[in-house]
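Work through the exercises below with the structure open. Try each task before reading its solution.

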Amino acid sequence: YRGVLRTSILQSVPLVYDFKNYTEKVINPDHEYIEYFGYDIRIPVIADSQKCSNEVNSTIEITVNNLIDDTKSVLEFTNPEEAVEEWGGFSEWLLIDYDIVELSEEVISLFISYSTYSFGAAHPISATIGLNYLAENCSKFEIQKLFDTSNTDYEDLTSQEMLNQLCANATKDDCEIFLTFSDPFPTLTELLDCCSAFAVSEFGLFVQFWEYEVSGYAQGSELILLPWYDLVSVLDKN
């Protein structure tokens, strides 16, 4: 088994190609009290030669701008200068990065990951958003439609496969200890509802868990891969 492929959004997603039909754009927000904010934002810009580039680029921009707006919205309630006097300091930090998982004639699939930190917190909080499109008609790729949902076995099989990957490099006792955060283990439907991110590649289905979603902070934000080979019995053949 492959096991956990990464535990931090600062690590690259393994097993994906170095796609060439995009460039990287750095965003430097500017607003009131900017000296109290730290931004490190990089996003992909899909090349015009790639079908559906306009739709995907627009979604990326909207997603990132919403994260920036959410970060600076603290100014609606807090004056940083007054906060420094009262709390002894003030800072807000936002890191945004990305991973291109698939960029082909069939599928566009990527992760937008972000990490936020506020003054006084014990540690940053990280999360990931999955963006998936069918290049045929630029529609959003609905992960659940990959599966033959008339066969309810797909929930049990995908849950078991996720457990297999998460526990591949851990002893049975260790795995049971850190997975007690999710008892019972969430189904695919529950994970799609909140909060995991999914990406589609020729290798299989990547599942990026959020922090604390299936284990503790020490385990990180686990990324696993569910290979098509192990899912074939419950996939929708069409």
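The exercises cover the disulfides, one helix residue, a sheet and the helix across it, all in a predicted model.

**Exercise 1. Disulfide inventory**

Task: Count the disulfides, list the sulfur distances and give the pairing pattern.

Solution:
- Step 1. Apply the cut-off: two cysteine sulfur atoms must lie within 2.5 Å.
- Step 2. Go through the pairs. Cys-52 and Cys-138 qualify at 2.1 Å, S to S. Cys-167 and Cys-175 have their sulfur atoms 1.6 Å apart. Cys-194 and Cys-195 are joined at 1.8 Å.
- Step 3. The count is three disulfides.
- Step 4. Number the bonded cysteines in sequence order. The pairing reads 1-2, 3-4, 5-6.

**Exercise 2. The link of Cys-52 and Cys-138**

Task: Which parts of the chain does the pair Cys-52 and Cys-138 link, and what is the handedness of the bond?

Solution:
- Step 1. Place Cys-52. It sits in the loop between β2 (37–46) and α1 (53–72).
- Step 2. Place Cys-138. This residue is in the loop between β5 (125–134) and β6 (139–140).
- Step 3. Take the separation. The two cysteines are 86 residues apart, so the pair links distant parts of the chain.
- Step 4. Read the torsion about the S-S bond. At -85°, the link is left-handed.

**Exercise 3. Buried or partly exposed?**

Task: Classify Cys-52, Cys-138, Cys-175, Cys-194 and Cys-195 as buried or partly exposed.

Solution:
- Step 1. Set the limits. Buried means under 20% relative accessible area; exposed means over 50%; partly exposed falls in between.
- Step 2. Cys-52 has 5% relative accessibility, so it counts as buried. Cys-138 has 18%, so it is buried too.
- Step 3. Cys-175 has 4% and is therefore buried.
- Step 4. Cys-194 reaches 44%, so it is partly exposed. Cys-195 has 23% and is also partly exposed.

**Exercise 4. Val-84**

Task: Describe the setting of Val-84 and give its distance from Cys-52.

Solution:
- Step 1. Val-84 belongs to helix α2 (residues 80–87).
- Step 2. Its relative accessibility is 32%, so Val-84 is partly exposed.
- Step 3. Leave aside neighbours within four places in sequence. Val-84 then contacts Tyr-36, Gly-89 and Phe-90.
- Step 4. Val-84 and Cys-52 are 32 residues apart in sequence. Their C-alpha atoms are 46 Å apart in space.

**Exercise 5. The sheet of β7, β8 and β9**

Task: Give the strand order, the edges and the twist of this sheet.

Solution:
- Step 1. The three strands form an open sheet, ordered β7-β8-β9, with antiparallel pairing.
- Step 2. The edges are β7 (197–201) and β9 (223–227), each pairing on one side only.
- Step 3. Neighbouring strands are turned by 20° against each other on average, direction ignored.
- Step 4. Five bridges join β8 (residues 204–208) to β9. Phe-206 has Leu-225 in β9 as its bridge partner.

**Exercise 6. Helix α3**

Task: Check the length of α3, then find where its buried residues lie and what they pack against.

Solution:
- Step 1. α3 has 14 residues, so at 1.5 Å a residue it should span 20 Å. The end C-alpha atoms are 20 Å apart, which agrees.
- Step 2. The buried residues of α3 include Tyr-154, Thr-158, Met-162 and Leu-166. The buried residues cover an arc of only 160° around the axis, so they are on the same side of α3.
- Step 3. They pack against α4 (172–178), α5 (188–193), β8, β9 and α6 (228–231).
- Step 4. α3 (residues 153–166) lies across β8 and β9, at about 130° to β9.

Note on methods. Residues are numbered from 1 along each chain as its sequence is written. This is a predicted model: local features need pLDDT of at least 70, side-chain atom pairs count only at pLDDT 80 or more; totals for chains, interfaces and linings use all residues. Side-chain values use heavy atoms; hydrogens and water are left out. Two strands pair if DSSP finds at least two bridges between them. Helices (H or I, at least four residues) and strands (E, at least two) are DSSP runs, numbered from the N terminus. Axes are lines fitted to C-alpha atoms, for helices over the stretch in contact, and angles run from 0 to 180 degrees between N-to-C directions. Contact means heavy atoms within 4.5 Å. Buried means under 20% relative accessible area, exposed over 50%, partly exposed in between (1.4 Å probe, protein chains only). The expected span of a helix is 1.5 Å times one less than its number of residues. The arc is that of the directions from the helix axis to the C-beta atoms.
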